[in-house]
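Me: I've got a structure open and I'd like to talk it through with you. Can I throw some questions at you as I go?

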Amino acid sequence: IRNSNFHDHRARGLRIQASHGVSEGNRLERIKNLAISLGSEYAFWREAGWVEDVAIRGNIIRETGFDERYFSSNSYAPGAIVVQHQLENKSLPYPRGNRNLSITGNRIENVGLAGIAITAASNVLISGNQLSAFNQVDGKLTGAAHRIGAQTAISINYCAGVTIRNNRLSEPGKFSAGELAENKE
C-alpha cells in the first residue's frame with residue numbers, strides 16, 4: 001500500500017491481516033480510530049492468522065485515535081500504529097505469533113494514545129520514527145481487560161526480540177506517563 005491518503009473518517013486507516021507486504025509513503029490524517037493495525041484476528045471474527053514479514057515505513061500519521069471507545073479497558077489496539085492480538089480467554093498467556101515486522105521512518109503527530117503499540121510479537125524493529133504529541137488523552141485504563149497498556153510513546157506488551165533505536169520523541173501529551181528512558185537494542 002503506497003502513496004495513498006486516508007483521511008477524515010471514523011474507522012481505522014489500514015487494517016493489515018496478511019503477511020509479506022509493505023505500507024509506505026501514506027498519509028493518514030484525522031481518523032477517529034487508530035491509523036494502522038496489523039495482526040491476527042482469532043478471538044472475535046476469526047478472520048485472520050498471524051502476520052509475518054511486513055514493513056510499515058515512511059508514513060505520516062496526524063490527528064488520529066480520539067474515538068472514546070478506543071480508550072476503554074476492553075481496547076486491544078491502543079496506539080496510532082499497532083501490532084495486535086486479542087485473546088479469546090483473557091487469562092491465557094500471550095503467544096508471540098506476529099513476527100518479522102519493521103516499523104521505520106514514520107512521523108506520528110497528535111495522537112490519542114501511544115504512537116506505536118506492539119502486543120504478541122517477536123522479531124520487531126522500531127527505528128527512525130518521529131513521535132510528537134502522543135498520549136493526548138488519559139488512557140491509564142485502556143487495555144486493562146487485556147492486560148496491556150499504552151502509557152508511553154512506544155508501548156511493548158508480551159513481546160520478544162524487539163529492537164528500538166534512533167527514534168525521536170518530543171512534545172509528549174498532557175497525560176503521558178513517561179517516555180522510554182533510552183532507545184536501545
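Me: Where is the place of Y76?

Reply: Y76 sits in the loop between β7 and β8. Keep in mind that this is a predicted model.

Me: Is Y76 buried or exposed?

Reply: Buried: its relative accessibility is 16%, and the cut-off for buried is under 20%.

Me: And what is Y76 in contact with, leaving aside its neighbours within four places in sequence?

Reply: Six residues: R12, E41, Q84, Q86, H146 and I148.

Me: I was also looking at T119. How far is that from Y76?

Reply: Their C-alpha atoms are separated by 8.7 Å, and along the chain the two are 43 residues apart.

Me: Let's zoom out. How many helices and strands does the chain have?

Reply: It has 0 helices and 14 strands. Reading from the N terminus, the elements are β after β, right through to the end of the run.

Me: What does the radius of gyration say about how compact the chain is?

Reply: The radius is 14 Å, close to the 16 Å that the globule rule gives for 185 residues, so the chain is as compact as a globular protein of that length. Along its principal axes, the C-alpha trace spans about 35 × 35 × 35 Å.

Me: What share of the residues count as buried?

Reply: 50% of the 185 residues. The accessible surface of the chain comes to about 8,400 Å², with 47% of that belonging to carbon and sulfur atoms.

Me: What about contacts between residues at least 6 apart in sequence, how many of those join residues at least 24 apart?

Reply: 66% of them do.

Me: And the charges, how far apart are the mean positions of the positive and negative ones?

Reply: 2 Å, taking the 21 positive and 17 negative charges of the chain.

Me: Changing topic: aromatics. How many aromatic pairs does the count come to?

Reply: The count comes to 1 aromatic pair. The partners are Y94 and Y158, with ring centres 4.4 Å apart and planes at 15°, so they count as stacked.

Me: Why stacked, with planes at 15°?

Reply: Because planes under 30 degrees apart count as stacked, and this pair is at 15°.

Me: Where in the chain are those two?

Reply: Y94 is in the loop between β8 (79-84) and β9 (98-104), while Y158 is in strand β13 (residues 154-165). They are 64 residues apart, and the pair links distant parts of the chain.

Me: Which of them is buried, Y94 or Y158?

Reply: Y94 is the buried one, at 5% relative accessibility. Y158 is partly exposed, with a relative accessible area of 30%.

Me: Staying in β13, what is I156 in contact with, again leaving aside its neighbours within four places?

Reply: I118, I126, V162 and I164. I156 lies in strand β13 and is partly exposed, at 34% relative accessible area. From I156 to A121 it's 9.1 Å, C-alpha to C-alpha, with their positions 35 residues apart in sequence.

Me: OK, over to D67. Where is D67 found?

Reply: In the loop between β7 (60-64) and β8. D67 counts as buried at 5% relative accessibility.

Me: What does D67 touch, not counting residues up to four places away in sequence?

Reply: K32 and N33. The C-alpha atoms of D67 and K32 are 5.2 Å apart in space, though the two are 35 residues apart in sequence.

Me: I also noticed A11. What does A11 touch, with the sequence neighbours left out as before?

Reply: I31, K32, N33 and L34. So K32 and N33 turn up on the list for A11 and on the one for D67. A11 lies in the loop between β1 (5-9) and β2 (14-16), and it counts as partly exposed at 42% relative accessibility.

Me: Last thing, backbone angles. What is phi of R147?

Reply: Near 65°, a positive value in a residue other than glycine. R147 lies in the loop between β12 (130-132) and β13 and is partly exposed, at 33%.

Me: And what is phi of N166?

Reply: Near 55°, again positive in a residue other than glycine. N166 is in the loop between β13 and β14 (168-170), and at 60% relative accessibility it counts as exposed.

Notes
Residues are numbered from 1 along each chain as its sequence is written. This is a predicted model: local features need pLDDT of at least 70, side-chain atom pairs count only at pLDDT 80 or more; totals for chains, interfaces and linings use all residues. Side-chain values use heavy atoms; hydrogens and water are left out. Rings of Phe, Tyr and Trp (its six-membered ring) pair if their centres lie within 6.5 Å; planes under 30 degrees apart count as stacked, over 60 as edge-to-face and the rest as tilted. Helices (H or I, at least four residues) and strands (E, at least two) are DSSP runs, numbered from the N terminus. Buried means under 20% relative accessible area, exposed over 50%, partly exposed in between (1.4 Å probe, protein chains only). The radius of gyration is taken over C-alpha atoms; the globule rule is 2.2 Å times the number of residues to the power 0.38. Contact means heavy atoms within 4.5 Å. Accessible areas come from the Shrake-Rupley method with a 1.4 Å probe; for residues, only the protein chains shown count as cover. Lys and Arg count as positive and Asp and Glu as negative; His and the chain ends are not counted. The place of a charge is taken as NZ of Lys, CZ of Arg, CG of Asp or CD of Glu.
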